[in-house]
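Thanks for asking me to look this one over. My notes follow as numbered points, starting with the overall shape and then moving inside.

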Amino acid sequence: MEFGGVAEYLEDKSIFVTGSTGFIAKIFIEKVLRTQPKVKKLFLLVRAKDDASAKNRVDAEVMQMDVFQILREKYQEEFQSFFWSKVQPVAGDIASENMGINDGELTDALWKEIDVIVNLAADTSFLERYDVALSINTFGVKNVLEFAMKCVKLKKLLQVSTAYVTRENSGIILEEPVVKAINGGPTLNAVEELKLAQAKLKELAEENASEDTIKYSMRDLGMTRAHYFGWPNTYTLTKAMGELLCYDLISRLPIVIFRPTMTISTCKEPFSGWIEGVRTIDELIASFAMGHTKGLPANVTTIVDLIPGDMVANAMIAIMATHSGESSSAFIYQLGSSAHNPVTLEELSSVVYNYFLEKPYTKKDGSTIMVTKPYYISTMALFQLYMAIGYKVPLQVMRLVGLLHSGMRSRYDHLNRIYNRALRVAKAYKHFAFFHGRFDDHNMQKLMLSMKEKDRELIPIDTKCIKWEEYMRSIHIPAVIKYGIKEKSK
């Protein structure tokens, strides 16, 4: 394995990026532009009806973001001209054949020019409709693969997956392919799953089902199929099927699969503490800060595998710059912190509690929320009992009383919101709250060792350097408050 240098590799390259308005994509785009101003072109696929709409989306949702602050300061009034000289929005849709690109001349030009494809497009909702998740996380990958087959200069196809495509939830989880079936269990087949989803949609249409009924029925179908095959939710199941489609073409395409763990705010670049909205563990931080969540089902010894967003983008660039020009082969890289710098749920909880104890969250009306120490319930059954006694029964009583006394209505609404939110968070994060696996990252460690010293400084990806308490208190929790809680309260 040889590493030739990041800046040298990126020079004069044309890179096609899907999911380009997403959190990691923006960090990646910024880092490429800052690292190598001589990159030839970044083609950003954007869901839009035409080129003008695509450019408007990139302008509003990418270029105007805080993440480009350093580049804005560097280029001053020339920033926009520099940005648009390197970035070309492409109107399309990963869920459609030929990436939804309707311009034949542009398609031909892309097939001739693209050196690298980075597939970041994903629907990350754990409770998404099955048909929607399949169209993006699974068959979106199929469309990318078919598009890549026509790119005559293609040197790398980086498929960004998730470390949680595994069915396993304990032990050391290796950088190995997903398997279709375990111990004689049901065999996973993406095409059959698509047929099942389409059949369900047809059935609902024949019943003249409402939009809400369709939405919840398709959500339930996704969770049912995920549990049937051994995955915790629709997101991880459909991402796993996307990987399976990649394996079928590893002998014909230079595919590399990248599996980061739970992505959180930037650690250092382009500045500390940039994030968009509420992500993964941040849902718990935000809920706790707002007084919505005091207890959750979890094992406090669970290792929470976190990785800063800038390290994810750095790893993507490092992987891109490796193995170029070699024969087609598939490699799987996992990036996380559990193998070398683990942090437990109990440790994180303590940091979050002490932070808000010292600095209570202040709401828009000026009032502060005083927190109580979080507690964790060892099983889902006990949690459901706790919620029934603490919320469900009182809510039922309050609802009956509220029919006679209208003054009880606001109290009922408040407790009902807390109850529903707690159940939603618990259901979505149950798998992660009881997860006892550690992700092996042998390939990533080997890649880091192959890098030149200047590149290890240019694109740091070593999670061993993170001091979790300092990072959470000084960087991440303030980022959640700035970009997450306040955003959600608008």
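1. What radius of gyration does the chain have, set against that of a compact globule with 490 residues? This is a predicted model, and in it the chain comes to 23 Å; a compact globule would be near 23 Å, so the two agree. Along the principal axes, the C-alpha trace spans about 70 × 55 × 45 Å.

2. On secondary structure, the chain has 18 helices and 15 strands. Among contacts with a separation of 6 or more, 82% join residues 24 or more positions apart.

3. Now to the interior. Buried residues account for 53% of the 490 in the chain. The largest nonpolar core holds 116 residues, and those touching the most other members are Ile15, Phe28, Leu33, Val118, Phe258, Met316 and Phe356. Helix α18, covering residues 468-488, gives the most to this core, with 10 residues. There is also a second, separate core of 49 residues, with Leu145, Ala226, Leu244 and Leu245 included.

4. Met316 deserves a look in your viewer. Leaving aside neighbours within four places in sequence, Met316 is in contact with Ile24, Phe28, Val118, Leu120, Leu158, Val160 and Phe258. As general background, nonpolar side chains tend to be buried together in soluble globular proteins.

5. Finally, the surface and the charges. The chain exposes about 21,800 Å², with carbon and sulfur atoms supplying 51% of that area. The chain carries 60 positive and 58 negative charges, and the mean positions of the two sets are 4 Å apart.

How values were computed. Residues are numbered from 1 along each chain as its sequence is written. This is a predicted model: local features need pLDDT of at least 70, side-chain atom pairs count only at pLDDT 80 or more; totals for chains, interfaces and linings use all residues. Side-chain values use heavy atoms; hydrogens and water are left out. A nonpolar core is a set of buried Ala, Val, Leu, Ile, Met, Phe, Trp, Tyr and Cys residues joined through side-chain atoms within 4.5 Å. Buried means under 20% relative accessible area, exposed over 50%, partly exposed in between (1.4 Å probe, protein chains only). Helices (H or I, at least four residues) and strands (E, at least two) are DSSP runs, numbered from the N terminus. Contact means heavy atoms within 4.5 Å. The radius of gyration is taken over C-alpha atoms; the globule rule is 2.2 Å times the number of residues to the power 0.38. Accessible areas come from the Shrake-Rupley method with a 1.4 Å probe; for residues, only the protein chains shown count as cover. Lys and Arg count as positive and Asp and Glu as negative; His and the chain ends are not counted. The place of a charge is taken as NZ of Lys, CZ of Arg, CG of Asp or CD of Glu.
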